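How do the helices of this protein bury their side chains? Look at the structure below before reading on.

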2 protein chains.
Amino acid sequence: MSNWFSESLYNSISQKFEIKKTLFEGRSDFQDVLLFENDRFGKMMALDGIVQTSTSDEHCYHEMLIHVPFFFHGNVQRVLIIGGGDGGTLREALKHKTITYAKMVEIDGLVVEQCKKHLPEISCGAFDDPRTDLLIGDGVKYMAETSDMYDVIIVDSSDPVGPNTDLFGESFYKNCKKRLNQNGILITQNGVPFLQPTELKESCAFFKSFFQDASAYLTAVPAYYGGYMALGWATDNTALRKTPLETIKERFEASEVSTRFYTPELNISSFMHPKFIKELIDAS
Amino acid sequence: MSNWFSESLYNSISQKFEIKKTLFEGRSDFQDVLLFENDRFGKMMALDGIVQTSTSDEHCYHEMLIHVPFFFHGNVQRVLIIGGGDGGTLREALKHKTITYAKMVEIDGLVVEQCKKHLPEISCGAFDDPRTDLLIGDGVKYMAETSDMYDVIIVDSSDPVGPNTDLFGESFYKNCKKRLNQNGILITQNGVPFLQPTELKESCAFFKSFFQDASAYLTAVPAYYGGYMALGWATDNTALRKTPLETIKERFEASEVSTRFYTPELNISSFMHPKFIKELIDAS
């Protein structure tokens with residue numbers, strides 16, 4: 001008998017994956033943690049029944065989270081990652097030679113531990129990089145209490161269920177803003193607009209109420225079901241997104257960053273939205 | 001007990017939809033035909049166990065198939081659609097006032113009949129438009145025998161299984177080329193590159209061998225599982241894709257075409273590929 005994992009994110013639809021081999025199954029203080037192998041997607045992780053990452057398509061997400069803001073900014077030295085337990089976002093940030101300090105605040109130590117053990121091809125040693133400062137703790141609490149400043153803050157969260165609800169709230173975003181340097185950028189995981197329109201709309205509404213430039217850009221991650229995924233963008237520097245493609249290309253060349261998904265053109269085109277997504281952003 | 005439809009397109013992964021109500025279930029001379037209602041996707045059609053369309057996301061596909069080539073071309077008068085039994089592609093083509101003749105060749109009369117009956121919100125009366133000339137017949141045979149000429153040919157096919165295999169073959173594409181007017185464009189459904197890389201690679205290789213400009217552009221259709229979907233692009237006029245955005249915007253305004261997904265910016269950005277897709281197109 002074959003054994004399948006069916007995602008429990010939505011009613012009336014689901015994606016399912018045949019489990020070739022279970023790598024880990026357990027419960028942390030926060031959530032159910034499942035790691036398994038699938039013939040098409042490679043190694044996968046699900047938390048509370050929702051797919052979080054796979055070794056075959058994680059670059060479609062992690063590269064876009066990091067390189068779009070980093071190349072628009074041009075000189076990111078201090079980055080903060082909230083969440084991101086698999087280490088993929090951290091890995092992409094550390095590819096940038098400009099980075100001197102990468103703080104990561106992940107609530108679930110078991111996720112980091114199991115990902116280091118079973119998904120080392122995602123973190124690629126990022127947790128051992130001397131620039132990395134990993135805190136196992138609550139990102140919401142950290143943002144409320146810290147006095148550290150950052151050039152880019154990445155909210156690499158799960159969906160707004162379980163331990164992550166507050167990562168989509170107004171006071172959390174306000175605290176992020178306080179911790180951004182001049183030219184600083186806040187980037188957030190904002191769900192799949194076709195199936196989660198409210199998530200994008202609400203976050204954009206918060207961003208607009210206290211940032212000069214608020215929008216979202218797009219990627220498509222096969223294991224995040226439902227077409228395009230939106231990544232939230234918020235900054236007070238309205239010039240950043242007007243950076244010409246030629247400049248982005250020069251920065252990309254100079255950075256020597258290697259990618260599998262990202263290209264400099266995507267820095268521009270990922271902000272060109274299908275009409276129904278543009279309307280969600282504009283309506284907020 | 002709830003009743004679910006599980007797609008049979010791939011091994012080891014699947015998407016599934018709860019069937020709220022079955023609208024039609026039967027077998028034509030060519031394939032199994034299933035129409036049903038789902039709470040999230042609305043009305044859906046599956047052929048031989050593979051999702052073909054849904055009323056909630058069909059515009060992400062049909063609008064991009066038509067408006068990208070039409071607005072790059074600028075004056076499409078005669079269009080040929082191979083396949084497209086639900087009528088959505090035909091509907092989008094007929095939105096253009098420039099169209100004087102729209103030929104559609106669909107192999108499966110039962111699909112057209114059942115879609116007219118159960119999915120009228122997709123065809124929106126397109127089959128009754130005086131400019132429409134519907135032929136129930138084999139598109140491969142039609143292309144080999146016809147002497148009619150077209151400005152744009154759209155291959156709106158299912159995946160290359162069942163009755164559609166020849167719609168992805170070299171001799172079919174060659175016959176399409178023969179039937180294109182000057183400035184003519186061939187557009188094809190080319191699958192989901194993440195899960196069907198060979199489909200894109202092979203079609204692009206054929207296009208390159210006998211068209212001056214061969215590429216693919218992208219959309220993301222939630223019910224076509226796996227992230228981005230590729231639409232093949234082939235023409236002998238290498239200037240078409242260099243049309244400036246301002247011109248596309250002017251044409252779009254003048255056309256009075258209304259859309260839910262398409263925007264003029266997508267005419268440009270949909271050709272900006274993630275690296276792994278660019279490599280598939282370039283390698284072919």
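This report covers two helices of chain A, a helix pair in chain B and the nonpolar core. The model is predicted.

**Buried faces in chain A**

| Helix | Residues | Buried residues | Arc |
|---|---|---|---|
| α6(A) | 170-178 | Phe172(A), Tyr173(A), Asn175(A), Cys176(A) | 160° |
| α10(A) | 275-283 | Phe276(A), Ile277(A), Leu280(A), Ile281(A) | 140° |

Because the arc of α6(A) is 160°, its buried residues line one face of the helix. Ser171(A) and Lys178(A) are exposed on the face turned away from that buried side. The buried residues of α6(A) pack against β7, α5, β10, β11 and α7 of chain A.

The buried residues of α10(A) span an arc of only 140°, so they sit on the same side of the helix. Their cover comes from both chains: it includes α7 and β12 of chain A, and α1 of chain B.

**The α7–α10 pair in chain B**

α7(B) packs on α10(B) at about 40°, and the axes are 7 Å apart. That angle makes the two helices oblique. Their crossing is right-handed. α7(B) contributes Pro197(B), Leu200(B), Lys201(B), Cys204(B) and Lys208(B) to the contact. From α10(B) come Ile277(B), Leu280(B), Ile281(B), Asp282(B) and Ala283(B).

**The nonpolar core**

The largest nonpolar core holds 132 residues. Phe17(A), Val79(A), Phe17(B) and Val79(B) have the most contacts inside it. Beyond its neighbours within four places in sequence, Phe17(B) touches residues of both chains. Among them are Ser12(A), Ile13(A) and Tyr225(A), along with Trp4(B), Phe36(B) and Met44(B).

Technical notes: Residues numbered from 1 in each chain as written. Chains lettered and ligands numbered in written order. Predicted model: local features only at pLDDT ≥ 70, side-chain atom pairs only at ≥ 80, totals over all residues. Heavy atoms only, no water. Buried < 20%, exposed > 50% of the residue type's maximum accessible area, 1.4 Å probe, protein only. Helix = DSSP H or I, 4+ residues; strand = E, 2+ residues; numbered from the N terminus. Arc of directions from axis to C-beta. Contact = heavy atoms within 4.5 Å. Core = buried A, V, L, I, M, F, W, Y, C linked by side-chain atoms within 4.5 Å. Axes fitted to C-alpha atoms, helices over the stretch in contact; angles between N-to-C directions. Parallel < 35°, antiparallel > 145°, perpendicular 65-115°, else oblique. Left-handed = near helix turned anticlockwise from the far one by under 90°.
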